[in-house]
Every structure is written in C-alpha cells, then in structure tokens.
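Open the model in your viewer and follow along. The tour goes from the whole chain to a single helix.

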Amino acid sequence: MDLIIVESPSKAKTISKYLKGKYRVDASGGHIRDLPASKLGVAVDKNFEPKYVTSPGKEEVIKRLKDEAQKADKVYLATDPDREGEAISWHLQTVLGLDANATNRIEFNEISARAVERALKSPRQIDYNLVNAQQARRVLDRLVGYKLSPFLNNKIQSGLSAGRVQSVALRLVVEREREITAFIPEEYWTITAELQDHEGKHSPFKAALEKYLGKKCKISSKEQADAALDALRNGQYRVESVKKSITKSHAPAPFTTSTLQQDASNKLNMTAPETMLMAQHLYEGLDVEDGGHVAFVTYIRTDSTRVSEDAQKAALDYIKEKYGEEYVPEKPNFYASKKGAQDAHEAIRPIDLSRTPDSVKKLLDKKHYNVYKLIYERFVASQMAEAQYDSMQVSISNGDYGLKASGKAVRFAGYTAVYQDTKKDDEEETKGLLPPMEEGDPLKELSLKGDQKFTKPPLRYTDASLVKAMEDKGIGRPSTYASIISVLNKRKYVEKEGKYMKPTEVAFRITDLLMQYFTDIMDVGFTADMEEKLDLIEEGKDWHKLIAEFYPPFEERLRKANTDGDEITEILCEKCGHPMIRKSGRYGKYLACSNYPACSNIVSESEQEISETPCPKCGAMMVVKNGRYGKFLACPNYPSCKTTLPFGEKKEEVIEGICPDCGKPTRRLRSKSGKTYYGCSGYPDCKFMSWDIPTGEKCPVCGKPIVKTPKGVVRCSDKDCAHNKAE
C-alpha cells in the first residue's frame, strides 16, 4: 500500500476518509527537524549553512514514519502548498532516506476527494527553490533574533526578544502611541439645518454648511459659528442645483489571509491568532455530529484573490438558482492580486457551496460557524453583480453661505443581498433618498444648530488595522501576521484596551534602543525590500549571497552596540587576543571580549570581592554579588559555570537570642529572599522562629515571645498587644 504523509492528524483523517482505505495516511505533526533551540544553529563561517536537529519529541514519529516508508510501495509527501510545506516535505525526504529526485511531492489547494485524487495523478519533484526560500527566511530570522535578543536582555531586562519583522511591527504600535500622546486637538464647528419645502408637502431633510463666498469653509471658533448661524437665520434658503445619478458599488474580492483576519476582527471581534486557528481547523477538517469528518474551506494562507474556473462557475450557477439571473454579473468578476502576491493558491473560499452556513450550523461550534459563514458569504458576494443606488446631491444657497444635502437609496441590492461591507468608525449609516426638489425652489428652516467638536487623535492599532498596515507596508507575509501579533501579546509588549493595542513601558525602551543602534533593521522600507529579495529566491536567486550581504554590516553594528559606553581595558582576550571591555550585567561588572559576537569569551572582574567559599562545582573561589534580594555568592567563571550560593554560606554561625519555647540559643539566619530571621538551634525538634531577636521571655498579657527589635526596643512580638500600649 502507498503511504501519504501530511502535517496534521486532522488533515490525515480527512484525506483517509476521502481515499476510503486505498492509501495509508499518516501525519508528521509539523516539522520533524529545525534549528536547535539552545544555540544559533547557523554556521556563519561556512556560508551560513543551517545545522538542523530533530525537533523535540519527534523521535517516535520519525521511527514510525521510517517503518511505514520501508513497507510502502511508494511514499507521497502531501504537506501544505507553500514554502513551509515544501520545506517540511524536504526534511521528511531527507530524514526518511527517500530519493532526492523522486516525483513524490503532491499538493492541493483544498482537501476534497476530487482535489486529492487529481494531485495523486500528477506528482512532482520537490521544488528546491521553495525550500531555499524557506531556509533563507529561517536563517535570517534566526541570526537577527538570536543576536538581538541577548543584546536587549543585557541592556534592558531579561526575558525579552527581538525579531526581524516582530520589532518593526512593534515600532508601528509604539509610534502610533506617540502620535496620540503628542496630538493637540483643534476646535471646529459643524452647522446643520433641517429644511423643508415651503408648502410642507414633503418630508424634512438635513443640509450641512459647506461653503462661504463660494469656497469651502472651516469654522474654528464659537464667534465664527455664531456669525454663520445669525446670517443663516436671517437669510433665505434656495435650491442652487440638483444632481441625480445612479451609483454603483462593486463586490469585494474573496478573502486573502489578511482580509479574513481584518473582517473577523471588525465583525466577530476575534483576534488574528484566534481567526487563523478556526480557519486552520476548517481547512484540515472537523469531526461533525453525524459522525463524519469534513474539510470546509480551501488553503487559508494566501495573498491571492484568484479563483479557479470550476469554483467560479459553481458560484455563478448557485447565485442564478438562489437569487435570480439579475444577480449574475454580465462578465464574471475578476480581481487583480496585489503587487508581489504569491499567485500559486486561490483565494480563501468554501470547498462545496451546497454546504451552506445554515446547513452546517448545528454541526459546528459557534466560532467555527461564524468564520465559515464569513468566508462563505464573502466568496458568494465576490461573484455577484454590483449594487446600485439612486443618489441625489443638492446644493443650497443662503446669502454668502452654501449648504449641501445628499442621500441615496438602494435601487438594486446586488452583492449586498449576501454581504455587507464593514463601515468605518466615523462613517454614518446610508441616508434615504431626498425629497423631490428643483433648481430655484425656496426652502424653509425648521431648525438650525451648531455643534462644537474637536479633531481626534489617530486610533490605536487593532488586530485588523495592524494586519492591514503590515500588508500595505510590505512587512511580513500572510503566514506571519497572526504569529507576530501573538508574540507581541505573549511577551506583554502590548496590552489590550478593548480591541485596541497599547504598548507597555518596555515596548518603548525596546523600540528606542533598537532604533538607536539598528536603524535599518527597524526601517519599514528596508524590511519591505528584504521581503521582496527573499521572495526572489523562489525564482532561483542564491540565498547564501543574500545573507552574506546582510550579515557582516549587521554583525559590525551589533559589536558597536554591545560595546557602546563600555570601558576598553588593556587586558587581552585569552581566546582571540582582542582587547577585553568592562561591562555591567545582571551580576555586576565583568570583562567581555570586544570581538563579540565572533568571540563570546566572558570572565569575572578581578576587583570583585572574593569570598572564602570555593565553588562546589569547579573549585574557583566564589565572589560576592548584589542581586534583587541582596548579596549572594556566584562563581567567577560565569557563564561557563553558573553556580550561585546564599551569601554567608559556610561561614561561622552567629548565635544570638534565646528560644522562649525550649530555652536553647537561637541562630541568626537568612531567608531565601535575603532577610534576617532567628531560628531555634534545637531545630527540627523545636521549630520556633522570629524576625526579631527573642529574649527568652514571654509576654505577661498575651503569652507571646518578648523580642528585641533592630533599634534595641524590647517589646511583645504582637505589635497590637496591650502590653506594648501600656508601655
């Protein structure tokens, strides 16, 4: 029996159901090899070749797949149809010992019986340009993240991370916050008149002040507003012109990864990571209540708006049957993908239009249903005829002032019968059609009012608006948007206020520090240009050359950033001969090689206070350090030896105080946090302890121990005891 290997067990289950036992289908669970987590894993001195290791926990998976591959007549690699999927197939081929030139790679844009059967009839070789494109991104991101993160940890605090795209996205959030903080509101006024024909035959309507002396006017003070209001009240309103037209609104394109995330955020209030998780499940397949296992949508990582001819024909047939001939456009709708889009995949769409949202509502939970309904309706709408509106615009004069009224009403619903576009926060609902008017008609005023307003600062980013900004600026790619937002939240670089992102204090520090030393890495244009260069690797460009052009200048900036403000000593590095520099780190001052990162030699400062305690691991005399909880002992051979001990360990014990419970002497001790306390020398038989020196006596009022405080005051250990108050 032939073997098909995919990434996820859910995907394997769906495909296995469609193939009805003709093939064995198994899953790798994602990557089986990757760069090591604990070290760089890139041979900088050997043309930046990555050093892959088995992914944690994948030993049993590899063993199982090897056994199955040996028994199989043929092995097909059916991972996702993108760079990441191609790389996973290549890793599988390498680890399982498959022929590097075998035609065993199959791919499909949707997990349906027809698509899988079609793919099995046209296998191909692994596309090594795609593999190299993935490797280039992985290596570049590893070099940037692995080198910049320790820099941030040393300069700011531990537990921080940086990333080639992540840090630029964070910069957008931080700069937007600074725009908001620096924003100075400006006053302006709107003036609105409620008008009606003189006979009162037709409904009233509203008109807004727009012009003064024929030019567009902006009223910026109460004095100007009062002057305009007085003039309008004392003047005569008259219709200057009436313009009637039929306006059209074209259907929106089917979803790409980014537009799906944006719409789900705006309409469903779902985060980008949450949206992608639901979409991934819908793509791979879900168990449904009738006992089946079904895939609902096509591949969900795409920036293409292309739709296959079969899918478009099915959509047009469905629209004609359900909504009528008039809802089918004269020519099928075509949507041009954005510049730089990878057009290998279709847009995101439902696999089977007969599986309507209503028909699956009882089969899916609420979140999966909402995302499926969104995808379904957007796709159907994208293939429908334009919406049409009867529009009317009226210009009205009153002395030196001009007003404008507009309205529109639906003439033909078109695609809006299925899908409603998301309105902007400041966009009013569509107004109804205005009453009939003719040029020269006089109008009477029913009411007139002026409203004081102030300009508003730009809004903070939401998941939707940040994804759109990243896409518009060319930062990252569809498969990375959700993971970047997830990292910003997980690392607590941003916190949510409702749906809006507010950068935390550490986000400002990270951004400022990286902007100071790594302006190109943090530059939006540089990052977008790098994305385009990485995309060219798919066309056969040498990825090693791209990394080789980037890394040396980056390494030099990193060296300067790490040594900026540090004292260069006359001490030479024992490993490479470069001068050592005096730095301040988490454990105080130390000496580090100025040739970092090429040489990472670090030694302890000789001027540090040396204790009389040898390191229990390497024997070096431990040095006294200051930490969060006071002094402690650390090995001078850090970081090669990271042993630490409580301060004062192995020194002569101090006896001070008398235990009030058993009469034995008490010992002066230190807690884990470095705070002094007193414990009975009879421990563990006697477990007495006190934060103050016990005198051995007990309080005559409450019976608790009498203690002596650090200031020499003798009192009851219970501060609220009446004995203390009596004194």
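We begin with the overall view and then select one helix and its cover.

**Whole protein.** Keep in mind that this is a predicted model. Show the cartoon: the protein has 18 helices and 33 strands. Switch to C-alpha atoms and align the principal axes. These atoms fill a box of roughly 105 × 85 × 60 Å. The radius of gyration is 36 Å, whereas a compact globule of 727 residues would have one near 27 Å.

**Contacts and surface.** Of the contacts with a separation of 6 or more, 63% join residues 24 or more positions apart. Colour by burial next: 47% of the 727 residues are buried. Now turn on the surface. About 37700 Å² is exposed, and carbon and sulfur atoms supply 49% of that area. Colour by charge to find 113 positive and 107 negative side chains. The centres of these two sets lie 4 Å apart.

**Helix H6.** Select residues 166–182, which form helix H6. From first C-alpha to last, H6 reaches 25 Å, close to the 24 Å expected for its 17 residues at 1.5 Å a residue. Is H6 largely enclosed or not? 12 of its 17 residues are buried, so H6 is largely enclosed by the rest of the structure. Show side chains for the buried set, which includes Arg 171, Arg 176 and Glu 177. Val 168, Leu 170, Leu 172, Val 173, Val 174 and Ile 180 are also among the buried residues.

**The cover.** Add what lies over those buried residues. Helices H13 (463–473), H14 (481–490), H15 (505–517) and H16 (524–536) are among the covering elements. Strands E17 (494–497) and E18 (500–503) are also included.

How values were computed
Residues are numbered from 1 along each chain as its sequence is written. This is a predicted model: local features need pLDDT of at least 70, side-chain atom pairs count only at pLDDT 80 or more; totals for chains, interfaces and linings use all residues. Side-chain values use heavy atoms; hydrogens and water are left out. Helices (H or I, at least four residues) and strands (E, at least two) are DSSP runs, numbered from the N terminus. The radius of gyration is taken over C-alpha atoms; the globule rule is 2.2 Å times the number of residues to the power 0.38. Buried means under 20% relative accessible area, exposed over 50%, partly exposed in between (1.4 Å probe, protein chains only). Contact means heavy atoms within 4.5 Å. Accessible areas come from the Shrake-Rupley method with a 1.4 Å probe; for residues, only the protein chains shown count as cover. Lys and Arg count as positive and Asp and Glu as negative; His and the chain ends are not counted. The place of a charge is taken as NZ of Lys, CZ of Arg, CG of Asp or CD of Glu. The expected span of a helix is 1.5 Å times one less than its number of residues.
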